[in-house]
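Here is a friendly walk through the structure shown below. Have it open beside you while you read.

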Amino acid sequence: GAESTVAYCIYMADIATFRFDTVHLAGDTLTLAGTSPDGNSGLLLIGPDALVELGADPPTNELLARSAFIGDVPGAQASMLISGPDAELSLTEFLVVGGFGPGALLITAGYVYSPSTHIGSGATGDVFVENPDTQLQTDSLDVGIGAQGTLAIKNQAFVVCSEANAGVFSRGIVTVEDTDSVFECDGPVTLGTSGAGTGDGILSVFNGASMSADSLTLGLQSGTKGKLEVGVDGYVEISTTADVGLDGFGNIDMTGGSMDVRDLNIGVRGNGIVTTSAASTLFADNNIFVGSTGDPVGLSNGGSLVVGRDCLVFGPDLVSIGESLAFGIVTVKTRGRLVSPTIREGALGKLLVERGGVVTGPRVGPKEPTELTVDGELRILPASDEDKQDPGPATIDGNLTLGPEGMLIIEVDDPSMPALEVLGATTLSGELIV
């Protein structure tokens, strides 16, 4: 029950268990490599009410084990602190933070490696990775499995994985904040994994931090929820596809910063919402699909994209709005810019442009006007209430084609001011309502 120091080497031990104590591990190398017949050799068990510290004094500690459980007794808190600049926790199977009991892992200096990491497995789990030259590396990362899990990456810390899931059967929260803090995933990242309304994953990137992944899925299965938050100076890079609302509900909320993705699908078979505001920037290297990409899912499913004030959304190949069997809605707010050479709106599509909003083509190299084809609804709206000066008309910087089934609706708030200006050719075969 008293604070103690383990200053010798634990070698060939079957299991190291710490209970009701504050333990400072102070040997150069602590190895759990026993060969017990029950197969439980090499386990580090922490809890209840125990704190195990690695790397404080002296600062060159290395702990090697098969697996570590932080929180292995129901209802009792357990913690581990890794604080030395050369401290290292190296596992060969898995790390569990919040197993049968609540657990916390704080890494303020050093390195942790585990092939598989579970945060919030059966009880609440919290992992904090903080400060420069501090790293957590894992092949498979799961946050919020059977209980709430939290991973916080702060102050230039680095977390790298091969695949990550947040919100498996419970709520999983991943936060990346502060300049040069990095969350890097070589494979897919999924927020909101399993169904029955229990999987709820949230990833927040802000204050100069960055996150990258091969692909991103928000709301994998029906009933799940996945949310990506990008705040001031946050940066997100997705190498291939981001699916927002694959079969569940997905949401990207950008209140600053920028995001780069190859293809963006909003409301694939579920419901997806993407909102940009506060001068944020969203680039899709190829296409943006708003609404289902082809499966007959019904009118209750679809996607919504909001291009906020002073924001830029760029689809250099195509922006598709409600062309398939689910609705798609795109709103361009006053002083927002939707940029693409080709914008196609299907029968279930709506494009809403406020006065002062701009729909245009790319301006890289020779100016390329946009080709806007409307078979759904194009609606011109009054300017946002926050505009005290006239922002000018809504602008289509290119050619507008209104198909036979299309509708152009212009809501006029001031008859003395122009509401819509089309800078290219205009072909109206549908219905015009002022």
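Glu411 is partly exposed at 31% relative accessibility, a class that lies between buried (under 20% relative accessible area) and exposed (over 50%), judged with a 1.4 Å probe and protein chains only. Its partner in a salt bridge is Arg379, and the closest N and O atoms are 2.7 Å apart. The pair ties together parts that are 32 residues apart in sequence, because Glu411 lies in the loop between strand 40 (407-410) and strand 41 (420-422), while Arg379 lies in strand 38. Arg379 is partly exposed too, with a relative accessible area of 22%. Glu377 joins these two residues in a network of salt bridges. A salt bridge here is a side-chain nitrogen of Lys or Arg within 4 Å of a carboxyl oxygen of Asp or Glu.

Keep in mind that this is a predicted model, in which local features need pLDDT of at least 70 and side-chain atom pairs count only at pLDDT 80 or more, while totals for chains, interfaces and linings use all residues. Residues are numbered from 1 along each chain as its sequence is written, and side-chain values use heavy atoms, leaving out hydrogens and water.

**Salt bridges**

How many salt bridges does a search of the whole structure find? The search finds eleven, and three of them are set out here.

| Pair | Closest N to O | Relative accessible area |
|---|---|---|
| Glu411 and Arg379 | 2.7 Å | Glu411 31%, Arg379 22% |
| Arg355 and Asp390 | 2.6 Å | Arg355 4%, Asp390 44% |
| Lys227 and Glu229 | 3.3 Å | Lys227 25%, Glu229 27% |

Arg355 and Asp390 form a salt bridge. This pair links distant parts of the chain, 35 residues apart: Arg355 sits in the loop between strand 35 (349-354) and strand 36 (358-360), and Asp390 in the loop between strand 38 (377-381) and strand 39 (394-402). Arg355 counts as buried, whereas Asp390 is partly exposed.

**The chain as a whole**

The chain has 43 strands and zero helices. These elements are DSSP runs numbered from the N terminus, with at least two residues (E) for a strand and at least four (H or I) for a helix. Of the 434 residues, 56% are buried. Contacts (heavy atoms within 4.5 Å) often span the sequence: among those between residues at least 6 apart, 69% join residues at least 24 apart. The accessible surface comes to about 16400 Å², with 51% of that area belonging to carbon and sulfur atoms; areas come from the Shrake-Rupley method with a 1.4 Å probe, and for residues only the protein chains shown count as cover.

**Strand 16 and the core**

Strand 16 (residues 171-177) has six of its seven residues buried. It runs parallel to strand 14 (residues 149-154), to which five bridges join it, and Ile153 has Val176 as its bridge partner. Strand 16 also pairs in the parallel sense with strand 19 (residues 200-206) over seven bridges, where Val174 stands opposite Leu203. Pairing requires at least two DSSP bridges between two strands.

Which members of the largest nonpolar core touch the most other members? They are Met80, Leu151, Phe183, Met259 and Leu305, out of 87 residues. Such a core is a set of buried Ala, Val, Leu, Ile, Met, Phe, Trp, Tyr and Cys residues joined through side-chain atoms within 4.5 Å. Beyond its neighbours within four places in sequence, Leu151 contacts residues including Ile173, Val174 and Thr175.

**Two buried residues and a surface patch**

Asp142 lies in strand 13 (residues 134-143) and is buried, at 13% relative accessibility. The C-alpha atoms of Asp142 and Val168 are 7.2 Å apart, although 26 residues separate the two along the chain. Leaving aside neighbours within four places, Asp142 is in contact with Thr117, His118, Ile119, Asn165 and Val168.

Leu246 is in the loop between strand 23 (235-244) and strand 24 (249-254), and is buried with a relative accessible area of 13%. Its C-alpha atom is 5.8 Å from that of Gly219, 27 residues away along the chain.

On the surface, Val412, Leu428, Leu432 and Val434 make a nonpolar patch of about 370 Å². Patches are made of residues with over 30% relative accessible area and no salt bridge, with like charges joined within 9 Å and nonpolar side chains (Val, Leu, Ile, Met, Phe, Trp, Tyr) within 5 Å. Leu432, in strand 43 (residues 431-433), is partly exposed at 47%.
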